[in-house]
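Here are some short exercises to work through with the model open beside you. Try each one before reading its solution.

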Amino acid sequence: MTRPHRGPGLAGPSMAPYPQGGLGRHPNLPPGERLRVLLVEDDEGDAFLVGELLAETNSMIDLLVAASLSEARQRMAGVDCVLLDLGLPDAQGLDGLRKVLDMASGAAVCVLTGRSDEHLGIVAVAEGAQDYLVKGQVDGVLLTRALRYAVERKRADENARRLREVELRQAESARLERGLLPQPLMSTDEVSVHTFYRPGRHAALIGGDFFDVVQTQPDRVDLIVGDVCGHGVDEAALGVELRVAWRALILARVPDDEVLPALEQVLMSERRLQEIFATVATARLDLRANRATVRLAGHPPPLLLSGGKVAPVPAPGGLLLGVRPRRPVAFDLEFDTDDWSLLMYTDGLIEGRVGNGDDRLDVPGLAGLLEDPANQAVSLAELPAWLVGRAEQINGGPLADDVAMLLVTRGGGR
C-alpha cells in the first residue's frame, strides 16, 4: 500500500463516510448485495487508499471511516464488516480486536496489519477475526473479495452457531418431554394396558393431550384420557399439569365425585387464557366386580370391545372442563364376560376426514374400523397404532391433531 497524501475523500478530522466505493459490478468479483464496511484507521493516507481501491473495482461497498475505537462505536449500527487497523490511538493490537469483536455483534471483522506484524494477523484470526490483510500487499479486487468472503464466513459461522443452539434446545426439550410422559402406575396382571401417544405439533414429543393409569388397590385401577384445546407448548404444559394433578388426587384417595371438579379448579387457575378448556374421560375399574365407572366431561365415549362386537359406552357427555363447573354424571358399566377391552382416546383420532367431503371419521367410523375383520390379525398391543394408520389412510394424510389412546384389556380382550 503506497501512502498518498490526504485525499479528497476525507472530509476533515471527523473522517465522514467515504463518498466513493463503486456502484457497479466488477466481472472478476463474486456477485452479492451492497455491503456497508466500517474502516477503523487513524492514518488518513491509508484510509484514503482503501477508499480508492474499492472505488477502482466498482465494489458495491459503502465505506465508512472512523479514526478511533470510540468513534467506531458510534458508527457500528448497520455495518456488515469492520476493517480494523491494529494500531489505534485508543486501542493497540489484540486488545483493540477483542473490543471490536465485543461491539461488532453480527458484523464480520478483518484486521489490517503492517508487514512486520503479519504474525499478529494469524493470531487475530485465532481470536475471532474472519481474515487479515497486510498493508501494501492487496489491490482492489483482492480487498473487495476478502471483505465479501469475510462477511459470508461470518454469516456461515452465525448460522452454524444458531443451528447448534437450536439443536441443544431441542435435545434439552426432548429430555424434558420424555421425563414428563407418564409411566403407568400399575402392578396387577389381571388386566393389561396398551398406550399410544403422538403429538400433532411437528418434532414435539408431547402435546395438549394426556393420559395416565394409576392402581391404588389390588382390585382398583383408575384411567384418564384428556385433551387441552390448542396445539402449542403452553397447552402441552397445561396437559402435563392436569395429568400430574389427577394422579395426585387419585393417590390421595379424594372421593370419586370430587376428582374432576378439583381438576377443573387446577385448569382454571393455571390456564393462560380464559377461553382455554379441556375435555376428559375417566374410568375406574373394579376388577373384583368386573365393572367400571365412567365419567365424561365433553369427551368422546370409550369403546367397549366384547363378544366380537364394538359399542360406545353410553355415558352422559357432560360439560367441558373450564366452561361452567358442574360434576360429571357417573355411568356404571357392567362387563358381561371376562374377555373385554375398553378403548379410551382423544378426538384427534376421529376428526380425520372420510373421502373428499367434509364428513369425519367420528365415533361410528372408529367403531367400524374396530369391527373390521382385518384387525383380528393385529395384536392388542399393536391395535392403537393400527387404528391411527387406518385413520390416516382414510384421511388421505397425517392427522392434524394430537392423538392419545389407552387400551385396557382383560382376558382375550375381544
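**Exercise 1.** In this predicted model, find what the buried residues of α4 pack against, and work out how those residues are arranged around the helix axis.

*Solution.* Start with the partners: the buried residues of α4 pack against α3 (93-104), β6 (108-113) and β7 (131-134). Next, name the residues themselves: in helix α4 (residues 118-127), they are Leu120, Gly121 and Ala124. These cover an arc of only 105 degrees around the axis, so they lie on the same side of α4. Now turn to the other side of α4, where His119, Ile122 and Ala126 are exposed. Finally, step just past the end of α4: Gly128 takes a positive phi of about 135 degrees there.

**Exercise 2.** Determine whether Cys110 is buried or exposed, and how far away the nearest cysteine sulfur is.

*Solution.* Begin with the whole structure, which holds zero disulfides. Cys110 is accordingly in no disulfide, and the nearest cysteine sulfur, that of Cys81, is 4.3 Å away; a disulfide would need the two sulfur atoms within 2.5 Å. Then check accessibility: Cys110 has a relative accessible area of 0%, so this residue is buried.

**Exercise 3.** Locate Arg295 and identify which side chain makes a polar contact with its own.

*Solution.* First, place the residue: Arg295 belongs to strand β12 (residues 291-297). Its relative accessible area is 11%, so Arg295 counts as buried. Now look for the partner: the side chain of Asp257 makes a polar contact with that of Arg295, at 2.9 Å. To complete the picture, set aside neighbours within four places in sequence; the contacts of Arg295 then include Asp256, Leu260, Val280 and Pro328.

Notes
Residues numbered from 1 in each chain as written. Predicted model: local features only at pLDDT ≥ 70, side-chain atom pairs only at ≥ 80, totals over all residues. Heavy atoms only, no water. Helix = DSSP H or I, 4+ residues; strand = E, 2+ residues; numbered from the N terminus. Buried < 20%, exposed > 50% of the residue type's maximum accessible area, 1.4 Å probe, protein only. Polar contact = N/O pair within 3.5 Å; in protein donor to acceptor, adjacent residues only side chain to side chain. Contact = heavy atoms within 4.5 Å. Arc of directions from axis to C-beta.
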